[in-house]
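Colleague: I'm new to reading protein structures. Could you walk me through this one, step by step?

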Amino acid sequence: MLELNDLSLSFGGVHVLKSVTFRLGQGEILGLIGPNGAGKTSVMNVITGIHRPLKGDVRLNGTALTGLPAHVIAANGIRRTFQTSLLCPGLTVVENVMLGLEPRTGYGFLPALLNAGSMRQHETRARTQAMEILDWVGMAAFAGRLGTSLSFGQQRLVEIARALISHPKVLLLDEPAVGLTEPRVLDLAEKIEQIRAEFGTSVLLIEHVMQLVLNSCDRVVVMNSGSVIADGLPGQVTEDRNVIESYLGRGYYVEG
Ligand SMILES: Nc1ncnc2c1ncn2[C@@H]1O[C@H](COP(=O)(O)OP(=O)(O)OP(=O)(O)O)[C@@H](O)[C@H]1O
């Protein structure tokens with residue numbers, strides 16, 4: 001479904017991505033792991049159009065997305081959450097989720113004034129959809145609260161709801177388990193599986209919490225210093241000597 005072909009990216013002459021190539025299959029949950037600074041978030045930024053690669057391309061079902069503006073890539077069915085919570089201050093939870101819907105085009109100030117009834121209907125529909133998806137992630141009771149007043153884990157669920165409201169083909173999650181306790185990590189693993197089962201969405205999951213990676217992912221890609229160093233089943237990559245040396249650490253099996 002999503003193909004990354006030979007992606008290279010540099011900042012000020014420093015190569016942060018070096019010929020990165022991997023695939024995310026239809027309905028697949030793929031982990032992207034590696035040490036800090038390996039280039040994982042940069043990969044997500046290239047996929048979503050925040051960064052333009054020096055070389056290579058990103059394709060969704062065969063169509064090249066490279067170079068398209070971020071909002072067009074989002075409209076093509078690729079949505080994400082961020083490493084740090086990005087809920088809008090001053091907006092309630094339900095309003096934050098409504099932002100995930102496609103913007104309604106053709107409504108400048110004057111047409112909006114003349115079509116006030118239609119605008120209100122549109123907003124009511126959007127609010128209903130947002131409430132449904134909030135209910136699905138278990139956050140409907142918080143709909144009227146300010147998004148930024150919620151705990152870190154709750155904000156994560158609201159961000160996931162905002163990404164899911166448009167029923168994306170591909171969902172990119174950047175370290176969703178940061179700051180979660182162990183039972184919440186297991187809840188999140190279950191939620192990710194439900195996202196695949198109920199929406200048919202493919203998921204790319206950047207994560208350092210190996211418990212989530214091992215519980216959720218069908219396959220794992222490992223990066224180090226801007227390059228892919230392993231790509232395989234979770235059990236295969238965690239036994240890969242290179243991956244243990246550069247990321248998991250020699251004590252991984254003893255401790256894990
Ligand atoms: N906008 C930027 N300008 C300059 N350098 C950047 C920029 N974004 C990322 N980098 C650099 O690119 C490299 C890869 O960063 P990236 O955030 O992609 O790593 P990561 O694997 O996601 O790390 P982490 O696990 O800590 O989030 C790092 O050396 C980082 O400092």
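Modeller: Happily! Helix 1, residues 40-47, is mostly covered, with seven of its eight residues buried. Keep in mind that this is a predicted model.

Colleague: Which residues in helix 1 are buried?
Modeller: Here a residue counts as buried if 20 or more other C-beta atoms lie within 10 Å of its own. In helix 1 that description fits K40, S42, V43, M44, N45, V46 and I47.

Colleague: What follows helix 1, and what is the sign of its phi?
Modeller: The residue to look for is G49, which comes after helix 1. The phi of G49 is near 85°, so to speak on the plus side of zero: it is positive.

Colleague: Which element gives the most to the shell around the ligand?
Modeller: Let's begin with the shell itself: F11, V16, G34, N36, G37, A38, G39, K40, T41 and S42 surround the ligand. Helix 1 covers residues 40-47, and K40, T41 and S42 belong to the shell. With three residues, the element that gives the most is helix 1.

Colleague: How many residues of that shell are nonpolar, polar and charged?
Modeller: For this count, Gly is placed among the polar residues. The shell around the ligand then divides into three nonpolar, six polar and one charged.

Colleague: Now the sheet: which strands stand at its edges?
Modeller: The sheet is open and has six strands in the order 6-7-8-3-9-10, with mixed pairing. Each edge strand has a single partner, so one side of it is left without a neighbour in the sheet. From one strand to the next, the twist averages 20°. The edge strands are strand 6 (78-80) and strand 10 (227-232).

Colleague: Which residues stand opposite G31?
Modeller: Strand 3 (residues 29-33) pairs in the parallel sense with strand 8 (residues 202-206) over four bridges. Strand 3 also runs parallel to strand 9, and four bridges join them. Opposite G31 we find L205 in strand 8 and, in strand 9, V220.

Colleague: What angle does helix 1 make with strand 7?
Modeller: Helix 1 packs on the sheet, where it touches strand 3, strand 6, strand 7 (170-174), strand 8 and strand 9 (219-224). The angle is taken between N-to-C directions. For helix 1 and strand 7 it is about 150°.

Colleague: And which strands does helix 10 touch?
Modeller: Helix 10 spans residues 241-248 and also packs on the sheet. Its direction makes about 125° with that of strand 10. The strands touched by helix 10 are strand 3, strand 9 and strand 10.

Colleague: Where is the positive phi in the hairpin of strand 9 and strand 10?
Modeller: Strand 9 and strand 10 pair in the antiparallel sense over five bridges. Among the facing residues, N224 has S227 as its bridge partner, and M223 stands opposite V228. Two residues lie between the strands, and the one in the turn with a positive phi, about 50°, is S225.

Colleague: Last one: what is the radius of gyration of the protein?
Modeller: The protein has eleven helices and ten strands. The globule rule gives 18 Å for 256 residues, and the value here is close to that, so the protein is as compact as a globular protein of that length. Its C-alpha atoms fill a box of roughly 65 × 40 × 30 Å along the principal axes. The radius of gyration is 19 Å.

Conventions
Residues are numbered from 1 along each chain as its sequence is written. This is a predicted model: local features need pLDDT of at least 70, side-chain atom pairs count only at pLDDT 80 or more; totals for chains, interfaces and linings use all residues. A residue is buried if 20 or more other C-beta atoms lie within 10 Å of its own, exposed if 12 or fewer, and partly exposed in between; C-beta atoms are placed from the backbone. A residue is near a molecule or strand if its C-beta atom, placed from the backbone, lies within 6 Å of it. Two strands pair if DSSP finds at least two bridges between them. Axes are lines fitted to C-alpha atoms, for helices over the stretch in contact, and angles run from 0 to 180 degrees between N-to-C directions. Two residues are in contact if their C-beta atoms, placed from the backbone, lie within 7 Å. The radius of gyration is taken over C-alpha atoms; the globule rule is 2.2 Å times the number of residues to the power 0.38.
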